[in-house]
Structures are given as structure tokens and as C-alpha cells.
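Reader: I have a model open and want to learn how to read its features. Can we go through them briskly, from the whole chain down to single bonds?
Author: Yes, here is the model.

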Amino acid sequence: MRVLLLVSAFNGLSQRAWCALTEAGHDVGVLLATGPEEIVDGVRAAQPELVLCPYLKHRVPAEVWRNWRTVIIHPGPVGDRGPSSLDWAITEGTSTWGVTALQAVEEMDAGPVWAHRSFPIPGPPPRKSALYSGPVADAALECIAEVLAKAADPDFTPTPAQHLAEPRTRPVMTQADRAFDWTEPTERIVRHIRAADGFPGVRTEVAGLPVFAYDAHPGLALGTRPGAVLARRQGAVLVGTGDGAVWLGHLRAADAGTGPAFKLPATALLRHRISGVPQAPVGPGGDAEQPSYQQIRYRRTGAVGWLAFDFYNGAMATGHCRRLRAALRHAADQDTQVLVLRGGTEAFSNGIHLNLTEAAADPAGAAWANIKAINEVCREIIGCTRQTVVAAYAGSAGAGGAMLGLGADVVAARAGIVLNPYYDIGLYGSELHTFTLPRRVGADTARQLLDRRLPVSAERAATLGLVDEVGPRHPHAYTLWLTELALRLADPRAARARRAAKATALAAEPVPLDAYEAQELAEMSRDMFADRSGFAAARRAFVTKAAPGGTPARLAARPAEPARGARLSRQRTAADDEPGSRVRPAVPMPA
């Protein structure tokens, strides 16, 4: 089927939908919604059989939904209406939620229903971004598969929503609805902030500065002073509440002139305001405070070492990379057969930290230090021959983060995640990918992945060789599966043979790893310091969430065949950049 994804951004859910549909054999194009006229013109040019909107903040023009079947994926159960569905669900502590695929009509979220799914909301209260990228996205993909099956049936008619549930329209959640006082209980404060993560945050005051707060975690503190900054750790600050404390990992300045208009680690924004606040120590395996704000954890279970890291939105700053490198060295010194390097469920990694780069006094210098630091992490993974290294992608990965774990002996991905090598951000890319990627997928496929810059699902990545093993979609089931995989790999005889083979192969490499990195960094220096590909502007647009100027050519629908006309909806009720050619690489790369 010829399908057009009409989206406000090519976000995680849109990428999952694109992967699922293209890999199922459909002819899929993307149209970024930039305005009513552009939407109408784009749909008319594409002439789709179905317009699908997995992530759309804009209203669909009447000319579109009246002439093309248009299905909206709404992140709420049948009958739910309004733009703040997840915000209300988390704030009110709803135990069960849903996703509805409904046909676009004049009234928002009021069209007839094509498909719907429900799911439990996990407790304690999840971050809105985690709920959206997890249970909501999983349910949405099931709805999309059902929509495509029904769209192929000429006799299908969607069900009026009022036949399934009473409509409930809720308003946009305002800052007044989100407001809290620091004298209130920790659980309520965390719930309110998580309901606003990652947009728009909750307006409050920290260390005398008006901010929007994100990335909240419960903490413990004795003799707390509500609203006071009690400690700091790994970029976060601990703020007293009525019955304990809350770790705030990220803040955004609320007023112009008081800081950048984008999120930063809390300590990076507050700076001199917290100069006298003590550092909270972190032990190698945690500390007495539970739950605790700790981005990197190591534990050992028999012959398997588990090194878990979870950085907000998958962004890895220079400091993150240095701490992870140190943790890798500590893990490699332990007497284990297998080392599992596992990223967060929401995001494995998305490469260097663009927000901190943009906020730096010398952005080019900050980016340069950051890329060199992440390369050191990659070197530790590639060069580890004391253990079998498993890179466990529990969450999606993008840009350099997709390349981060490719030097591991085994790459294990959770079903449903997406790998998106190198965005249109104006960077050549490093992370030793010119060494690792061709060895996994071959030189031709490596070049195609880098030139096209399109996402691939975990399942498709496995057919390419990018991924070795694909585990269950549900995070808990994936953890159990990963444990079984690690135990199988920990067989002493097989593990010794695998490590010996890796050491022999590395020693026999005709070109040293330094040469691959030097070639990559030479290219990156032109992007970071000479800005040859527009890195500065692309980075600024990314961190400020600037509206897209148009749909990149690599995503856009191919021109419609002349014989194809607009396919009018039989189900409608009366009521709804050119792929860049990269020069790859000058360094010889034997397979």
C-alpha cells in the first residue's frame, strides 16, 4: 500500500512506524507538517492510499481528510480527547491507559475508530517520555498493523467512537495544573515533574533561579529543608521536600537572560549558585540511599559482570564518557567471563551531548573534547579481551550512540527498538565506526547505511549483521532473556576460545586502530572547527527544537505515478536533504 506518514517530527514512534511499514513491503513516504498549505500540497503530490499520523500536533486540513483516508494515532483510550492525554493520566495516577487509531474529522480526536489497545501504566509514576516511547509506542504499532490490514479491506467501516465509549474532552494542561510547593510530599512532586517530562517541564524555583524542572528521582535526606539544595551528584541536585528530597537531573531557565532556552544538567545551569553545596559520594555498586540518582552501576553475579548506564535522553557528555570509561576498566579488571554493557530502556545512547556543546563558551572545542572522550569508551569495548563483551541495546540508539557498542563481541537488541546511524547534524561521525561497522555488515552495506541515514529496526539490523541477537520486546522479559544469554556465553571453555580468537584477530590487524580514529577525527575537525557541513546551525536547531523547514528528500514520498489519483475514503463518515554522498574512508579497511 502507498502510505504517507504525516508527522510533526520524525520522532521515535514515527521511526518505528516507518521501519515496520517499509519492512512489511509498503511504499512509505514521510511529510513533515510545516503548515496547512504545505500539508495539502505534500499530500496531493504523494497521492497516498492512506495518510497515517503517528505523531501529529497540527490539525489535518479538511481538504486532506475529506479526500484521503487519514488515520490519527491518539495516545489515549477510546473516548479520550485533548492534547495533554498522557500528562493527565500520569498526574492523576491512572492505572490503565490506551491508544486509539481514529479517522480524522473536523473535531479533534472525535472520528470513528479503526483500532484501539489498552495497557497498564507501570508504577511508580513513569516519565511521560518513557511512557510514550514504551507502552504507548508498543500499543501504537499494534494499532498501525491493524489499520493497514483493515485499509486493504474495501468492506471495512470504522466504528463511531460514541458507540464504544463516552467522550471525555480534557483541556491543555497548564503550569497552574502542574504547580507544586516544595513542602509537599516527594511522591507528589516527582509525579508532577514526570508528567511534564520531556516537555514542557514544571515551573518552579531552585537555588533562587526560576526554572523548568525535568528528570526527577526520589531521594532521601535527614533534617530536610523544603526547597533547599542539599547536595549534588553527576550533574543533578538534591532538593529538600516536605518528607524527604528529590533529585533533579535537568533544568531549563524559565526567564529570558537567565540561561539558555534549552535543557541542561542541573549543575551546569545553576553553576555559582550552588558553589557551596557538597558533593554526594557514589560507591562502585551504589550507596546506602535507595532509590538513588546514579547514572552508572556495576554488579557481579557469578561469572557475569553487569555494567549499566543510563544517561538522560541518551546524551553522553565528556564527563559521562570519562566515568563510563573508568567503569569499563573497573569491570574489565574483575574475575568474570562475560561483561554485559547495558544502556537505558528509554535510550541506549544518542552520542555526544549537543545541549552542553551549544551552551559552551567554545562549542567547537567542547564538541571536540566530547567526541574524543566517547571514542575512548569505544576503544575500551573493542580492546577488551579479558571478558566476552555483550553490548545490550535495551533502548533505541541514534547517531554515534548507534555505533557505540558495535565493537563488542556480541550485540544484543530488544525487539521494537530502532537504530538510526548518524543524523543530518553536519558531522561525519567517529566512534571508530570505520573499523567496526564494515566488519559487521560489509563495506557496501556500511556505505549505504551511512549515506542513507535512515533508521532500521532491531529485527532488520539482525538480518544485516548489525545486531547478533534480538530479545523480547517487554523490558522485564528482555532482562531475563539477556541473563540467559550471558550465562550461555559464560561457559569457561567457549569464553576462553572466543577471547583468544579476538586477541589474535586484533593483533593481526594490518592497520592500527589509531589510524582509523585519526582519519575520522580529521574529517570531524573540518565539521566542528570549519563548519563545512553546517554543524553549528543544525546543532542549534536541534537543541532549540526549531520547527523543520521541510521534509528531507531521503524521507519524502517518491513522486506518484501519473495513473494514481486521489483515493477517496470509502470509510469516511459524515461526522474527521538529498542523501549525501560520504567519502568513506581513506584508511584501508580489510574485512
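Reader: How far apart are the mean positions of the positive and negative charges of the protein chain?
Author: Keep in mind that this is a predicted model. The two mean positions are 3 Å apart. They come from 64 positive and 59 negative charges.

Reader: Which radius of gyration would a compact globule with 591 residues have, and what does the protein chain have?
Author: A compact globule with 591 residues would have a radius of gyration near 25 Å. The protein chain has 24 Å, which agrees. Along its principal axes, the C-alpha trace spans about 70 × 60 × 50 Å.

Reader: How many helices and strands are there in the protein chain?
Author: There are 19 helices and 24 strands.

Reader: What percentage of the residues is buried?
Author: Buried residues make up 56% of the 591. As for surface, the protein chain exposes about 23900 Å². Carbon and sulfur atoms supply 55% of that area.

Reader: On to rings. What describes a pair of aromatic rings?
Author: Two quantities: the distance of the centres and the angle of the planes. In this model the count comes to 10 aromatic pairs. One of them is F309 with F311, at 5.7 Å centre to centre and 40° between the planes.

Reader: Is that pair of F309 and F311 stacked, tilted or edge-to-face?
Author: Tilted. Planes under 30 degrees apart would count as stacked and over 60 as edge-to-face. The 40° of F309 and F311 falls in between, so the pair is tilted.

Reader: Are F309 and F311 buried or exposed?
Author: F309 has a relative accessible area of 1%, so F309 is buried. F311 is at 3% and also counts as buried. The cut-off for buried is under 20%.

Reader: What kind of pair do F309 and F348 form?
Author: An edge-to-face pair. The distance is 5.3 Å centre to centre, with 70° between the planes.

Reader: Which parts does the pair of F309 and F348 tie together?
Author: F309 lies in strand β16, residues 304–309. F348 lies in strand β18, residues 347–349. The pair therefore ties together parts that are 39 residues apart in sequence. F348 counts as buried, at 1% relative accessibility.

Reader: Which residues form one aromatic cluster with F309?
Author: F311, F348 and Y393.

Reader: Now charges over rings. Where does the charged end of K57 sit?
Author: Over the ring of F199, 5.5 Å from its centre. Another case is K263, which lies over the face of Y214. Here the distance from the ring centre is 4.6 Å.

Reader: Now the backbone. What should I expect for phi and for peptide bonds?
Author: Most residues other than glycine have a negative phi, and most peptide bonds are trans. Look for the exceptions.

Reader: Which residues does a cis peptide bond with omega of about -10° join?
Author: D197 and G198. G198 lies in the loop between α7 (186–194) and β9 (202–206). The peptide bond from F199 to P200 is cis as well, with omega near 5°. P200 lies in the loop between α7 and β9. F199 is also the residue whose ring has the charged end of K57 over it.

Reader: What is the phi of A207?
Author: Positive, about 55°, although A207 is not a glycine. A207 is in the loop between β9 and β10 (209–219). With a relative accessible area of 25%, A207 is partly exposed.

Reader: And where is R453 placed?
Author: In the loop between α14 (443–452) and β23 (456–457). R453 has a positive phi of about 55° and is not a glycine. R453 is buried, with a relative accessible area of 6%.

Reader: Last topic: distance in sequence and in space. How far apart are the C-alpha atoms of S8 and A33?
Author: They are separated by 5.1 Å, with the two positions 25 residues apart along the chain. S8 is in the loop between β1 (2–7) and α1 (12–23). At 11% relative accessibility, S8 counts as buried.

Reader: What separates the C-alpha atoms of Q103 and H476?
Author: A distance of 34 Å; along the chain they are 373 residues apart. Q103 is found in strand β6, residues 96–103. Q103 counts as buried, at 2% relative accessibility.

Notes. Residues numbered from 1 in each chain as written. Predicted model: local features only at pLDDT ≥ 70, side-chain atom pairs only at ≥ 80, totals over all residues. Heavy atoms only, no water. Helix = DSSP H or I, 4+ residues; strand = E, 2+ residues; numbered from the N terminus. Rg over C-alpha atoms; globule rule 2.2 N^0.38 Å. Buried < 20%, exposed > 50% of the residue type's maximum accessible area, 1.4 Å probe, protein only. Areas by Shrake-Rupley, 256 points an atom, 1.4 Å probe, with all protein chains shown as cover. Lys, Arg positive; Asp, Glu negative; His and termini not counted. Charge placed at Lys NZ, Arg CZ, Asp CG, Glu CD. Phe/Tyr/Trp six-rings, centres within 6.5 Å; stacked < 30°, edge-to-face > 60°. Lys NZ or Arg CZ within 6 Å of the ring centre and 35° of its normal.
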